[in-house]
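Dear colleague,

I am passing on the structure we spoke about, and my notes on it follow directly below. Please read them with the coordinates open beside you.

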Amino acid sequence: MARIELEGISHCYDPHSAPEDQREYAVSGLNISWPDGSANALLGPSGCGKTTILNIISGLLLPTAGRVLVNGGDVTGLAPRERKIAQVFQFPVVYDSMNVFDNLAFPLRNQKIPEKTVKTKVLETAEILGLADRLKSRTTGLNAADKQKISLGRSIVREDTAAVLLDEPLTVIDPKFKGELRRKLREVQNRLKKTMIYVTHDQHEALTFADNVTIVKDGRLVQQGTPEQLHAQPETPFIGYFIGSPGMNLLDCSLDNGKLRFADFDLPVGEVMKANAASYGKDFKFGIRPEFLEVSAEEKNGTVAFTVSVIEDTGAYKVLTCDRETSRVKARVSESMSLKEGDRVWVNFPKDRINLFYNEQRVI
Amino acid sequence: MIPALAILSISAFIPLMTVINYSLHYIFAGSAPTFVGFDNYIEVLRDPAFQGALIRQLFFSMGILAVEVPLGICIALSMPRRGPAVALCLVLLGIPLLIPFNVVGIIARVLTQSSVGLIPEFLALFNYDFNVSKYPVDAFATIFLLDVWHWTPLVALLCYAGLQAIPDAFYQAARIDGASSWKMFRYVTLPKLRSVLIIGVLLRFMDSFKIYAEPLLLTGGGPGDATTFLSLHVARKAESYQLGYAGASSFIYLFIVIVFSYVFFQLMTNIGKGENQ
């Protein structure tokens with residue numbers, strides 16, 4: 001088990017293509033730390049450099065700049081096997097000329113571990129993964145979910161595995177096995193307390209698996225925190241919109257005369273917020289989560305009138321798209337609220353749920 | 001179904017039946033064929049000339065497989081995986097495959113002709129008296145090397161295509177699992193090449209088993225009968241109008257090819273799959 005740190009990691013796939021200042025970096029200036037024994041997720045849209053980061057940690061890729069530390073020791077120059085970091089790939093990798101047992105035993109036998117220990121370790125791992133009854137079967141007949149369990153098994157079977165990296169491990173898994181495999185991953189992490197880093201572009205997978213989520217965009221770290229922190233206090237409007245379903249409502253506004261002035265309505269602000277915000281400047285981006293908007297059919301003090309233009313009913317809740325002349329917000333309301341498209345509603349923006357972003361950074 | 005059967009009957013069934021018909025009769029020019037049952041088969045199997053040709057043929061084909069398959073894999077492994085050099089390698093490998101059998105035979109004859117050929121001249125520098133029409137070993141070795149030169153590229157190209165289809169993740173996983181290069185080859189590359197190797201082995205076995213043009217042009221089956229392979233033996237009998245004998249030996253020949261191909265196919269399909277079951 002281990003603590004993993006990235007120090008000033010940058011990587012350019014083709015460093016000789018251009019002079020230093022014009023290079024295209026896949027990732028740049030990353031400083032990230034993952035605590036020992038934690039369940040982590042690395043979340044970001046496709047092409048943001050997640051896989052590059054993973055390959056740098058596992059040692060399949062040598063970064064152009066920066067250091068990788070495991071438990072404080074520099075491992076940047078070490079080969080994958082010497083780092084004791086295991087990786088599970090998007091496509092399940094199994095050795096199809098071996099049966100399940102031999103697949104799980106492969107990393108141990110490569111370390112020349114006595115066959116007796118190999119057997120104990122493999123049986124133990126197979127038991128954790130629920131593969132114990134299939135140890136003698138060929139791997140060719142297994143489904144993708146079981147193959148992925150074998151890949152995971154090979155990474156946790158080694159006693160000395162410092163960390164397990166999972167690169168979008170559910171991508172090719174049949175939807176009906178996805179849930180089961182995700183729970184299995186979580187269970188294995190809980191039981192073995194190995195540091196795991198789960199890479200995905202799917203916020204649902206990331207937030208359900210991890211205690212600690214790192215968000216990357218365009219090769220840069222955007223925010224690291226618990227799912228609750230990311231949800232309630234996104235550092236940037238991007239995270240606000242990226243996390244949550246539907247994403248955060250983001251509207252341009254300006255602070256003027258003690259009010260937040262939007263394109264076609266105003267909101268009063270409290271004294272504290274006014275003082276805080278005024279110290280940054282005038283133009284802000286206003287953010288509030290759809291689930292925090294209070295929608296009612298009657299006008300109340302401090303509410304803003306909108307017209308419901310679209311109702312999406314998920315069965316568990318409804319998502320309303322509410323329009324004014326130019327402003328549009330989405331609101332998540334309870335299933336019991338009876339509304340139809342075209343209805344007029346009054347929306348309250350609770351002051352304690354408001355986020356204000358200045359220059360793409362959260363200030364309130 | 002019907003068109004397929006019609007084509008099949010013209011291309012395979014009718015000639016095959018003719019051969020079987022010949023093989024069951026004693027045929028002599030001018031007189032009506034006499035039915036003799038399996039006498040021709042017994043004669044063929046007892047004939048030391050046929051036995052010699054068969055053993056020579058098996059020795060040749062097994063040798064061809066033992067050399068061309070590993071060599072083909074090695075060539076494929078050493079080829080670049082990407083970049084402009086790939087096209088160059090593929091063209092160079094493809095050249096031998098484009099040359100027809102008889103041309104290969106004639107080239108070999110020119111190269112090995114005693115007193116004027118390049119090869120005897122060169123070997124004479126080392127005091128080696130190379131002569132394909134005098135020494136059986138020289139003749140056999142020449143035809144063997146000729147086939148290796150001509151057809152190893154086919155195996156290499158098949159393997160190369162197979163290698164390109166192996167996803168990188170398999171090698172990355174093996175590196176993380178701490179596998180040595182040999183183990184990566186043994187447990188990743190080789191199993192993934194299984195299907196192309198089956199095709200390669202079958203093609204090379206069947207083709208080498210019916211080698212004809214090269215020995216015919218180079219040595220005519222000699223010296224003695226050192227390069228009289230099965231096909232040459234059968235053809236000679238047919239040319240001398242021993243149609244019954246030729247028919248029986250053709251049929252035995254076909255049977256051997258089918259049996260061996262089946263055995264290879266079964267072996268290679270199942271090898272490794274059922275390990276430790």
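**Domains and overall build**

In chain A, the C-alpha centres of domain 1 and domain 2 lie 39 Å apart. Domain 1 of chain A covers residues 4–232, and domain 2 of chain A covers residues 242–362. Please keep in mind throughout that this is a predicted model.

Chain A has 364 residues, of which 40% are buried, and its secondary structure comes to 10 helices and 21 strands. Its C-alpha atoms fill a box of roughly 75 × 50 × 35 Å along the principal axes. When contacts in chain A between residues at least 6 apart in sequence are considered, 67% of them join residues at least 24 apart.

Chain B is built from 12 helices and 2 strands, and from the N terminus on its elements run α-β-β-α-α-α-α-α-α-α-α-α-α-α. Of the 277 residues in chain B, 31% are buried, and the C-alpha atoms of this chain fill a box of roughly 75 × 60 × 40 Å along the principal axes. For chain B, residues 24 or more positions apart account for 71% of the contacts with a separation of 6 or more.

**Where the chains meet**

The contact between the chains takes 22 residues from chain A and 19 residues from chain B. On the side of chain B that touches chain A, the elements giving two or more residues are helix H8 (168–176) and helix H9 (181–209) of chain B, and H8(B) gives the most, with 6 residues. By residue type, this side of chain B divides into 9 nonpolar, 5 polar and 5 charged residues.

**Nonpolar cores**

In soluble globular proteins, nonpolar side chains tend to be buried together. Here the largest nonpolar core holds 72 residues, and Ile197(A) and Tyr198(A) touch the most other members of it; helix H3 (residues 100–110) of chain A supplies the largest share of this core, 5 residues. Leaving aside residues up to four places away in sequence, Ile197(A) touches Trp34(A), Asn40(A), Leu42(A), Ala163(A), Leu165(A) and Leu166(A). Apart from the largest core lies another one, of 19 residues, which includes Val44(B), Leu54(B), Ile64(B) and Val234(B).

**Strand pairing in chain A**

Asn40(A), which is among the residues that Ile197(A) touches, also has a bridge partner in S9(A), namely Asn212(A). The strands concerned are strand S3 (residues 39–43) and strand S9 (residues 212–217) of chain A, which run parallel and are joined by 4 bridges. S9(A) is further joined by 5 bridges to strand S10 (residues 220–225) of chain A, and these two strands run antiparallel, with Thr214(A) standing opposite Gln224(A) in S10(A). S9(A) and S10(A) form a hairpin with 2 residues between them, and in its turn Asp218(A) has a positive phi of about 50°.

Further along chain A there is an open sheet of 6 strands in the order S13-S12-S11-S14-S20-S21, with antiparallel pairing. Its edge strands, each pairing on one side only, are strand S13 (266–268) and strand S21 (361–362) of chain A. Within this sheet, strand S11 (residues 249–256) and strand S14 (residues 283–288) of chain A pair in the antiparallel sense over 6 bridges, and the bridge partner of Ser254(A) in S14(A) is Asp283(A).

An open sheet of 5 strands, also in chain A, has the order S15-S19-S16-S17-S18 and antiparallel pairing; strand S15 (294–296) and strand S18 (328–334) of chain A are its edges, each pairing on one side only, and the twist averages 45° from one strand to the next. Strand S17 (residues 317–323) of chain A pairs with S18(A) in the antiparallel sense over 7 bridges, and there Cys322(A) has Val329(A) of S18(A) as its bridge partner.

**One residue in chain B**

Is Val259(B) buried or exposed? This residue is found in helix H12 (residues 243–270) of chain B. Because a residue counts as exposed when 12 or fewer other C-beta atoms lie within 10 Å of its own, Val259(B), with 10 such atoms within 10 Å, is exposed. The C-alpha atoms of Val259(B) and Pro100(B), which are 159 residues apart along the chain, are separated by 28 Å.

With best regards

Methods:
Residues numbered from 1 in each chain as written. Chains lettered and ligands numbered in written order. Predicted model: local features only at pLDDT ≥ 70, side-chain atom pairs only at ≥ 80, totals over all residues. Buried ≥ 20, exposed ≤ 12 C-beta atoms within 10 Å, placed from the backbone. Contact = placed C-beta atoms within 7 Å. Nonpolar A, V, L, I, M, F, W, Y, C, P; charged D, E, K, R; others polar. Domains from an automatic or database assignment. Pairing = 2+ DSSP bridges. Axes fitted to C-alpha atoms, helices over the stretch in contact; angles between N-to-C directions. Core = buried A, V, L, I, M, F, W, Y, C linked by C-beta atoms within 7 Å.
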